[in-house]
Amino acid sequence: MCGIVGYIGKDNAKNIVINGLKRLEYRGYDSAGVAFIDSGKLKIYKKSGKIRDLEFELNRDLSLPHIAIGHTRWATHGEPNDVNAHPHVDCTGKIAVVHNGIIENFTELKKELESRGHIFKSKTDTEVIAHLVEEEIKNGKNLLSAVLSATSKLKGSYAAAVIYEGEPDKIVCVRKDSPLVIGVGEGENFLASDVPAFLSYTNRVIFLDDNECAVITADNVHIFDLNGNEITKETKEIPWSIAQAEKGGYKHFMIKEIYEQPRAVADTISGKLSLFEENNRELLTTFGKIQIVACGTSYHAGLVGKFFIESVAGIPVSVDYASEYRYRNPIIDEKTLIIAISQSGETADTLAAVRLAKKKGAKVVAICNVIGSTITREADYTIYTHAGPEISVASTKAFTTQLAALFLFAVEAARIRNKITKKKEERLLKALSEIPAKMKEFLDRESEEGQVRKIALEFYNSQDALYLGRFVNYPIALEGALKLKEISYIHAEGYPAGEMKHGPIALIDEKMPVVVVVPRDRVYEKMVSNIEEVKARKGKVIAITNRDCLEVKKLADFAIEIPETEELLYPFLTVVPLQLFAYHIADFLGYDVDQPRNLAKSVTVE
Ligand code: AGP
């Protein structure tokens, strides 16, 4: 998830684009760049690091261009550095492109273009767009037609904007599966990944839909479908403040990020038949056991990963809190593979565990959300999650994308070790590909009915809470309890339901909310009896279950229905209502949900 901005009009386009990028820094902040045309010449400024570093450079250039495009990056392909920063140009240096999204077929396009003599400067997927447009213009097309035929060759998601020295009076932009909005002004027009970029100049907006393209000049905006047919679109007025807009109209980043999960999981699994390139696949064949190390929410993802890998690939997995692992003298040999899970890639305990394991000869695969972060540089191989920047301290979308990466890892390890039939592999990957839509189905229903929100209203004055789950949903009980603890400061414990009778059951009375994760899976009946044990002690039961689980719905005080899926994949769906439950309770209590007390987004100290 990156941020792109464009401006054409009477004012200094450089300043307007830089200010817009600052407003979109929540979308990505590892590098940035601007391209503008001044006195017929295309100029590019780009820099890794904060936008203010780029601004310093740009301010030394005294030109006053009226057309510019810019980009703030959240790296998906290619380290964050000055070369991989956007904009990217073609061989002539006359065409500049900024892009948000993932070009899935960029490797083969790049090979083809290089075989036709194109020279690539960066490691990004985006640069192929500039060279494809270059070829079309060389074949006599104008910028609009060139962009349309270039994008017709792309697979994946893209919101892109292009400027060309040969047609300095227009910006051409195109959208498919990545957001793009146009800001309509008087004698000036804007484009951006999100309205905060230009809301201080205009609140009149045209939302581009998928497979639409626009030609933007200072006085006009023309919209076309991808066959070049002109279409008319409504201009809407945005009633939001800038702060509201950065959260996309949501009250907090956390609730916004909960609703971003369908896209984040889709991006993380998109087009990935294999996580490992040819030259790294051997990593998957040589180890005999796996040790997962992580902290907090990432640790809970690791616990779910253990279920995935052991049941799909039959490989023994242990899961450790990294802060314990580094001091317990773990038994490691060259046949041990370490999977280190970290959203930020900077968590000190997880890094120390990685360094210990490497010193003892183990190979390390990192699962990380931040390209260029320390863990990605120290691991032997990194599987990237594509959650985009996670701003709220309470991790939500990073968690479900970690589950997606772990599930893909399990299936790939099983395939490479001939531990899974083609039929089962296809069934599991099909079920995984259906998860984003099922998450969206649940979230859309919650937007309409607000069921979880209403239940949270019943319990926000609770002093304690107990979360119970079994099998692959036991870690989800832990995660639900962690979410409630970290943002509402209510004491909450997650427990394997089978353990309840060995102690925690003593806590239960009419004041104790007990959240039970009980989808229809192999331990369903066991969970039903646990609910009966809780009800026998007057506990208040909130059940996360399926429509046809009638026994649970009869027993529970509140039953939240989630869509059906493969039993192993239920964590993707059962965690969402628990995230919402914690969010609404913290919001009702009036806490700063995104910046909870005593916590940091990335814990870089021991
Ligand atoms: C989760 O909501 C917390 N922010 C925290 O537990 C977090 O998961 C933990 O600090 C690990 O962070 P990492 O994934 O960036 O390594």
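This passage walks through the ligand site, two helices and their neighbours, and a few backbone features of a predicted model. The model is predicted, so to speak plainly of its filters: local features need pLDDT of at least 70, side-chain atom pairs count only at pLDDT 80 or more, and totals for chains, interfaces and linings use all residues. Residues are numbered from 1 along each chain as its sequence is written, and side-chain values use heavy atoms, with hydrogens and water left out.

The ligand is a natural place to begin. Its shell holds 14 residues, of which Ser298, Ser342, Gln343, Ser344 and Thr347 come nearest; a residue is near the ligand if one of its heavy atoms lies within 4 Å of it. By class, the shell divides into four nonpolar, eight polar and two charged residues. Here Ala, Val, Leu, Ile, Met, Phe, Trp, Tyr, Cys and Pro count as nonpolar, Asp, Glu, Lys and Arg as charged, and the others, Gly among them, as polar. Helix H9 (296-313) and helix H17 (474-488) each supply at least two residues of this shell, and H9 gives the most, with three. Helices (H or I, at least four residues) and strands (E, at least two) are DSSP runs, numbered from the N terminus.

Several polar contacts tie the ligand to the protein, a polar contact being a pair of N or O atoms within 3.5 Å; within protein, one atom must be able to donate a hydrogen and the other to accept it, and residues adjacent in sequence count only if both atoms are side-chain atoms. An N or O atom in the side chain of serine 344 sits 2.6 Å from a ligand oxygen. The backbone takes part as well: a polar backbone atom of serine 395 is 2.7 Å from an oxygen atom of the ligand, and a backbone N or O atom of threonine 297 is 3.0 Å from a ligand oxygen. Of the 410 Å² that the ligand exposes when taken alone, the protein buries 91%. Accessible areas come from the Shrake-Rupley method with a 1.4 Å probe, and for residues only the protein chains shown count as cover.

Helix H3 (residues 106-115) offers a clear view of a helix with two sides. Its buried residues are Phe106, Leu109, Lys110 and Leu113, where buried means under 20% relative accessible area, exposed over 50%, and partly exposed in between (1.4 Å probe, protein chains only). Seen down the axis of H3, these buried residues fall within an arc of 100°, so they line one face of the helix; the arc is that of the directions from the helix axis to the C-beta atoms. An α-helix has 3.6 residues a turn, so residues three or four places apart point the same way. The face of H3 turned away from the buried side carries the exposed residues Lys111 and Ser115. Strand E6 (95-103) and helix H4 (127-138) are included in what covers the buried residues. After H3 comes glycine 117, whose phi is positive, near 95°.

Within H3, leucine 109 counts as buried at 6% relative accessibility. Not counting residues up to four places away in sequence, leucine 109 touches Ile103, Val128, Leu132, Lys153 and Leu154, contact meaning heavy atoms within 4.5 Å. The C-alpha atoms of leucine 109 and isoleucine 129 are separated by 9.3 Å, with the two residues 20 apart along the chain.

Two further buried residues are worth a look. Threonine 151, in helix H5 (residues 143-151), counts as buried at 3% relative accessibility. A polar atom of the threonine 151 side chain lies 3.1 Å from the backbone oxygen of leucine 148, and beyond its neighbours within four places in sequence, threonine 151 is in contact with Tyr158 and Val174. Alanine 414, in helix H13 (residues 397-416), is buried at a relative accessible area of 0%. Setting aside neighbours within four places in sequence, alanine 414 contacts Val312, Ala313, Lys419 and Ile420.

Finally, some backbone features. A cis peptide bond, with omega about 5°, joins histidine 86 and proline 87; proline 87 belongs to the loop between strand E4 (67-73) and strand E5 (88-89). Tyrosine 489, a residue other than glycine, has a positive phi near 60° and lies in the loop between H17 and strand E22 (491-496). Lysine 538 likewise has a positive phi, near 65°, and is exposed, with a relative accessible area of 54%.
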